Amino acid sequence: ARVLASLPPFLSKGHVSVRPVVAVVPDTFTPAPNPDEVDQCFHVPLETFLSTDGYSFADWEFTRGKRIRVHRFQRGGHDVWGLTAVMLVRVAEIVYG
């Protein structure tokens with residue numbers, strides 16, 4: 001993999017710091033996700049996270065007195081939401097402006 005960028009960390013609802021790393025991976029790459037954390041892996045074009053098609057959101061209480069917007073996207077029969085969605089939106093904003 002060729003690392004293109006490392007973004008500032010995001011804080012999860014469980015107060016875990018998650019730092020997105022953007023990289024180019026070869027077509028032969030096979031993900032090996034932790035089954036306790038990932039239900040499934042699939043491909044979605046990055047630019048679709050800038051579209052409102054199949055988009056919804058909810059405002060949740062993150063910590064006492066602080067609300068956050070939780071993004072949700074329906075993409076190719078898959079539900080992409082929460083921290084994953086907010087990180088993908090941020091990466092798409094950087095890449096596509």
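# Exercises on a predicted model

**Exercise 1.** Determine which side chains of strand E7 are buried and which are not, and relate this to the faces they point to.

*Solution.* In this predicted model, the side chains along E7 alternate, with His-78 and Val-80 pointing to one face, where they are buried, and Asp-79 and Trp-81 pointing to the other, where they are not. The general background is that side chains in a regular strand alternate between the two faces of the sheet.

**Exercise 2.** Work out the strand order of the sheet that contains E7, and state which strands stand at its edges.

*Solution.* The first step is the order, which is E5-E6-E7 in an open sheet of three strands with antiparallel pairing. The second step concerns the edges: strand E5 (55–63) and strand E7 (78–81) each have a single partner strand, so one side of each is left without a neighbour in the sheet. From one strand to the next, the twist averages 25°.

**Exercise 3.** Describe how E6 is joined to each of its partners, giving the number of bridges and examples of residues that stand opposite each other.

*Solution.* Begin with E5, which runs antiparallel to strand E6 (residues 66–75) and is joined to it by eight bridges. Within this pairing, Ser-56 stands opposite Arg-72, and Ala-58 faces Val-70 as its opposite residue. The two strands form a hairpin with two residues between them, and Gly-65 in the turn has a positive phi of about 85°.

Turn next to E7, with which E6 pairs in the antiparallel sense over four bridges. Here Gln-74 stands opposite Asp-79, the residue of E7 whose side chain points to the face shared with Trp-81. This hairpin, too, has two residues between the strands, and Gly-76 takes a positive phi near 55°.

**Exercise 4.** Find which strands of the sheet helix H1 touches, and give the angle between the helix and E7.

*Solution.* Helix H1 (residues 82–96) packs on the sheet and touches E6 and E7, while its direction makes about 80° with that of E7. In the chain as a whole there are one helix and seven strands, following the pattern β-β-β-β-β-β-β-α along the sequence.

**Exercise 5.** Decide whether Ser-12 is buried or exposed, and name residues that it touches.

*Solution.* First locate Ser-12, which is found in the loop between strand E2 (10–11) and strand E3 (17–18). Its relative accessibility is 14%, and because the cut-off for a buried residue is under 20%, Ser-12 counts as buried. Leaving aside residues up to four places away in sequence, Ser-12 touches Phe-62 and Leu-83.

**Exercise 6.** Characterise the whole chain by its extent, its burial, its contacts, its exposed area and its charges.

*Solution.* For the extent, the C-alpha trace spans about 45 × 30 × 30 Å along its principal axes. For burial, 19% of the 97 residues are buried. For contacts, among those with a separation of 6 or more, 36% come from residues 24 or more positions apart. For the surface, the chain exposes about 7,300 Å², of which carbon and sulfur atoms supply 54%. For the charges, there are 10 positive and 10 negative ones, and their mean positions are 10 Å apart.

Terms used:
Residues are numbered from 1 along each chain as its sequence is written. This is a predicted model: local features need pLDDT of at least 70, side-chain atom pairs count only at pLDDT 80 or more; totals for chains, interfaces and linings use all residues. Side-chain values use heavy atoms; hydrogens and water are left out. Buried means under 20% relative accessible area, exposed over 50%, partly exposed in between (1.4 Å probe, protein chains only). Contact means heavy atoms within 4.5 Å. Accessible areas come from the Shrake-Rupley method with a 1.4 Å probe; for residues, only the protein chains shown count as cover. Lys and Arg count as positive and Asp and Glu as negative; His and the chain ends are not counted. The place of a charge is taken as NZ of Lys, CZ of Arg, CG of Asp or CD of Glu. Two strands pair if DSSP finds at least two bridges between them. Axes are lines fitted to C-alpha atoms, for helices over the stretch in contact, and angles run from 0 to 180 degrees between N-to-C directions.
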